[in-house]
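Colleague: I'd like a close look at one part of this model, explained slowly enough for someone in their first year. Could you walk me through it once it is on the screen?

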Amino acid sequence: MILSALLTSVGINLGLCFLFFTLYSILRKQPGNVTVYGPRLIQDGRSQEETNAFNLERLLPTAGWVRRALEPTNEDILSNLGLDALVFIRVLVFSIRVFSFASVVGIFILLPVNYMGTEFEEFFDLPKKSLDSFSISNVNDGSNKLWIHFSAIYIFTAVVCYLLYCEHKYLSSKRIDHFYSSKPQPHEFTVLVSGVPVVPENSISETVESFFREYHSSTYLSHVVVHRTDKLKALMNDAEKLCKKLTRVKSGSISRQKSMRDGFLGMFGKKVDVVDHYEKKLEKLEDDMRLKQSLLAGEEVPAAFVSFRTRHGAAIATNIQQGIDPTQWLTEPAPEPQDVHWPFFTASFVRRWISNVVVFVAFVALIILYVIPVVLVQGLANLHQLETWFPFLKSILNIKVVSQVITGYLPSLIYQLFLMIVPPIMLLLSSMQGYISHSQIEKSACIKLLVFTIWNSFFANVLSGSALYRVNVFLEPKNIPRVLAAAVPAQASFFISYVVTSGWTGLSSEIFRLVPLIWNFVMKLFGKEDDKEFEVPPTPFCQEITSILFFGLLGTTYFFLSPLILPFLLVYFCLGYVIYRNQLLNVYAAKYETGGKFWPIVHNSTIFSLVLMHVIAIGIFGLKELPLASSLTIPLPILTVLFSIYCQRRFLANFKSYPTECLVNKDKADAREQNKSEFYAKLVVAYRDPAVSASRYARGISLEDPPLLRSNQG
């Protein structure tokens with residue numbers, strides 16, 4: 001790709017970014033009846049008052065939202081949004097620091113060295129230059145200038161490791177500070193016990209209580225046994241849908257029919273009043289739910305949430321084997337009550353094992369199937385291959401503007417459209433693996449999505465040939481550095497365009513929230529805005545952390561190969577820092593708190609990116625006939641892995657559980673509180689399955705209260 005095609009892609013995306021930012025700046029100043037831009041503001045009652053009066057000022061864009069997004073300190077974010085939000089922001093801060101240094105070194109040192117590797121006379125004819133002129137490919141084989149790249153790799157690795165160490169230290173201290181400053185939470189005192197042995201003539205509940213009163217008598221508080229509630233939840237869903245329909249009929253939000261037939265499809269049977277018909281169906285469903293709830297005692301699952309009086313007591317139960325048989329009385333930390341994923345509690349061991357096998361096969365199949373869009377994208381990026389596939393388009397492809405748009409913008413745009421459906425698929429696959437919490441599902445989906453993205457978006461693009469050839473490359477480890485060194489620099493132009501298209505435009509569309517906006521207007525157009533209660537969207541950590549880490553991998557691997565990509569990445573991370581602070585403050589709300597457990601994924605991805613850069617460097621110096629530099633680079637990945645092991649032992653253990661020192665100190669502080677008995681009363685019922693709680697839908701329906709709220713209060 002020549003530089004002019006890249007400039008065309010950058011110009012298109014800059015125009016889209018400017019359009020999105022302008023529209024968002026205008027719409028944020030509109031009355032609060034459009035709920036897709038600031039759901040948190042609207043829910044908290046801080047939105048602007050609705051008014052129909054015309055105000056010209058609202059039509060003028062402003063950057064005031066940027067200032068407001070940057071105002072809160074890290075302490076404000078930690079206290080108001082939680083540790084997960086702070087970790088997400090610190091990932092962006094870490095990336096900005098890394099690529100600020102990388103951009104300075106790459107643009108002012110490496111890029112001139114690359115450009116002047118073989119040519120001097122055409123310095124000012126930049127638009128007609130190939131991007132290879134700015135990459136390490138332009139440096140002569142055996143040139144002493146390659147030692148500059150060698151030194152830059154060592155210095156860059158040292159800087160990244162130092163910054164990573166600083167972030168580890170900072171986030172570890174903030175995690176402890178957040179623990180000390182937070183109020184008592186049910187999951188801190190609760191343990192999930194599975195594999196409860198079946199004792200003749202005893203229920204699961206009696207067995208659990210007998211065991212923990214015997215062996216944890218000083219700290220045991222209560223327990224809640226898990227029940228099979230699949231059928232009950234189906235009845236609850238039917239009742240909720242029917243209640244919503246009845247509410248809309250009574251409120252007049254949908255056209256009300258005075259009568260209907262109670263038979264098949266409303267076409268047969270006798271005529272009945274619509275409202276009376278729905279109310280009677282609700283009463284019948286409520287009676288069925290009560291009957292099902294009364295029978296739940298005989299449908300116990302050999303698992304229970306066991307609560308303790310102290311955090312230290314819960315930690316002891318979690319980390320010590322409870323029974324002689326290691327397959328019984330298995331314990332693990334309980335998730336937050338709102339984080340519990342109930343469906344798989346009733347799954348047998350065989351079902352969970354089969355589900356894991358099916359998920360693994362589906363994940364591998366998905367990776368293989370996505371080779372097809374990669375081949376399509378690479379064909380668009382190569383005009384000669386495109387002319388071979390579609391010879392009738394040859395005359396159109398010879399037009400300069402068309403060829404620049406196709407090779408510079410269209411490939412990354414099409415590939416990004418293919419990738420849009422991947423995150424929901426990964427969440428679906430992870431939900432089938434038997435995890436007991438939504439946070440575990442999201443963390444697993446994040447890892448799957450990262451692996452998928454690195455393989456299909458990086459390796460599948462840089463390695464030519466069939467999918468079988470790509471696999472064979474990694475089956476011969478000694479050839480990996482040489483193959484990657486030859487393939488990776490050739491795809492620099494595609495990845496620069498990908499950063500601009502997927503990164504810049506993706507961030508701009510994120511702040512504009514185009515899809516929710518269109519959906520909001522469609523629902524209002526058809527009068528169905530009351531079909532669903534207003535809900536603040538959850539923070540999409542899974543998708544966004546994956547994108548940030550993948551762009552970090554691109555910047556790390558191309559740091560010395562093609563440093564022209566670095567300024568584009570730096571702009572992406574700076575935009576992301578501003579936009580995601582705004583989204584976290586005004587749009588998203590976390591449904592649960594993991595305690596910063598996404599950070600280990602960031603650590604592992606950063607180490608992998610560094611090692612991948614070292615492997616490519618070993619190969620590139622070998623291809624460039626500088627064997628001494630290639631040999632001296634070999635210790636670098638070893639030192640990086642040793643640094644990773646040190647960080648894991650020094651810091652990452654704090655992200656799995658809290659130390660005894662913190663638990664005991666926090667328990668002592670809580671003992672001085674006056675409302676401890678009130679907290680214990682809430683703790684006893686915190687992990688009760690929502691389906692077990694009494695529900696009333698048919699009687700006393702209030703149009704102001706949503707059905708689920710009434711159910712939870714019942």
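Which helix gives the most to the nonpolar patch? Once that is settled, please take me to helix H10 and whatever is linked with it.

Modeller: Sure, and keep in mind that this is a predicted model. The helix you are after is H11, residues 349-369, which gives the most to the nonpolar patch, with 9 residues. One of the patch members, Val361, lies in helix H11. The patch sits on the surface and takes in Val350, Trp353, Ile354, Val357, Val358, Phe360, Val361, Val364, Ile368, Leu428 and Met432, with about 1,000 Å² of accessible area together.

Now for H10, which covers residues 311-319. Five of its residues are buried, namely Arg311, Gly313, Ala314, Ala317 and Thr318. They span an arc of only 160° around the axis, so they end up on the same side of H10. What lies over them? The cover includes helices H6 (146-181) and H28 (660-671), along with the strands E1 (190-194), E5 (300-308) and E6 (330-333).

Stay with Arg311 for a moment. Its relative accessibility is 1%, so it counts as buried. Side chains of opposite charge can pair when their charged atoms come close. Here, the side chain of Arg311 meets that of Asp670 in a salt bridge, at 2.5 Å from N to O. Because Arg311 lies in helix H10 and Asp670 in helix H28, the pair ties together parts that are 359 residues apart in sequence. Asp670 is buried as well, with a relative accessible area of 5%. And the two have company: Glu188, Arg311, Asp667 and Asp670 are linked in a network of salt bridges.

To put that pair in context, a search of the whole structure finds 10 salt bridges. Another one joins the side chains of Asp141 and Lys624, at 3.6 Å from N to O. Asp141 is in the loop between helix H5 (83-115) and H6, while Lys624 is in the loop between helix H25 (599-623) and helix H26 (627-633), so this pair ties together parts 483 residues apart in sequence. Its two ends don't have matching labels: Asp141 is partly exposed, at 44% relative accessible area, whereas Lys624 counts as buried at 9%.

You'll also find a salt bridge within a single helix. Lys682 and Glu678 both lie in helix H29 (residues 676-686), 4 residues apart, which is about one turn of the helix. Their closest N and O atoms are 3.8 Å apart. Lys682 counts as exposed at 53% relative accessibility, and Glu678 as partly exposed at 46%.

Let's end back at H6, one of the elements covering the buried residues of H10. Helix H6 holds both Trp147 and Phe150, 3 residues apart, or about one turn of the helix. Phe150 is buried, with a relative accessible area of 12%, but Trp147 counts as partly exposed at 25%. Aromatic rings elsewhere gather too: Phe99, Tyr498, Phe550, Phe551, Tyr572 and Phe573 form one aromatic cluster. Across the whole structure, a search finds 32 aromatic pairs. One of them is the edge-to-face pair of Phe88 and Tyr580, 5.1 Å centre to centre with 80° between the planes. That pair links distant parts of the chain, with Phe88 in helix H5 and Tyr580 in helix H24 (residues 565-586), 492 residues apart. Both Phe88 and Tyr580 are buried.

Definitions and conventions:
Residues numbered from 1 in each chain as written. Predicted model: local features only at pLDDT ≥ 70, side-chain atom pairs only at ≥ 80, totals over all residues. Heavy atoms only, no water. Buried < 20%, exposed > 50% of the residue type's maximum accessible area, 1.4 Å probe, protein only. Helix = DSSP H or I, 4+ residues; strand = E, 2+ residues; numbered from the N terminus. Arc of directions from axis to C-beta. Contact = heavy atoms within 4.5 Å. Patch = residues over 30% accessible without salt bridge, like charges linked within 9 Å, V, L, I, M, F, W, Y side chains within 5 Å. Areas by Shrake-Rupley, 256 points an atom, 1.4 Å probe, with all protein chains shown as cover. Salt bridge = Lys/Arg side-chain N within 4 Å of Asp/Glu carboxyl O. Phe/Tyr/Trp six-rings, centres within 6.5 Å; stacked < 30°, edge-to-face > 60°.
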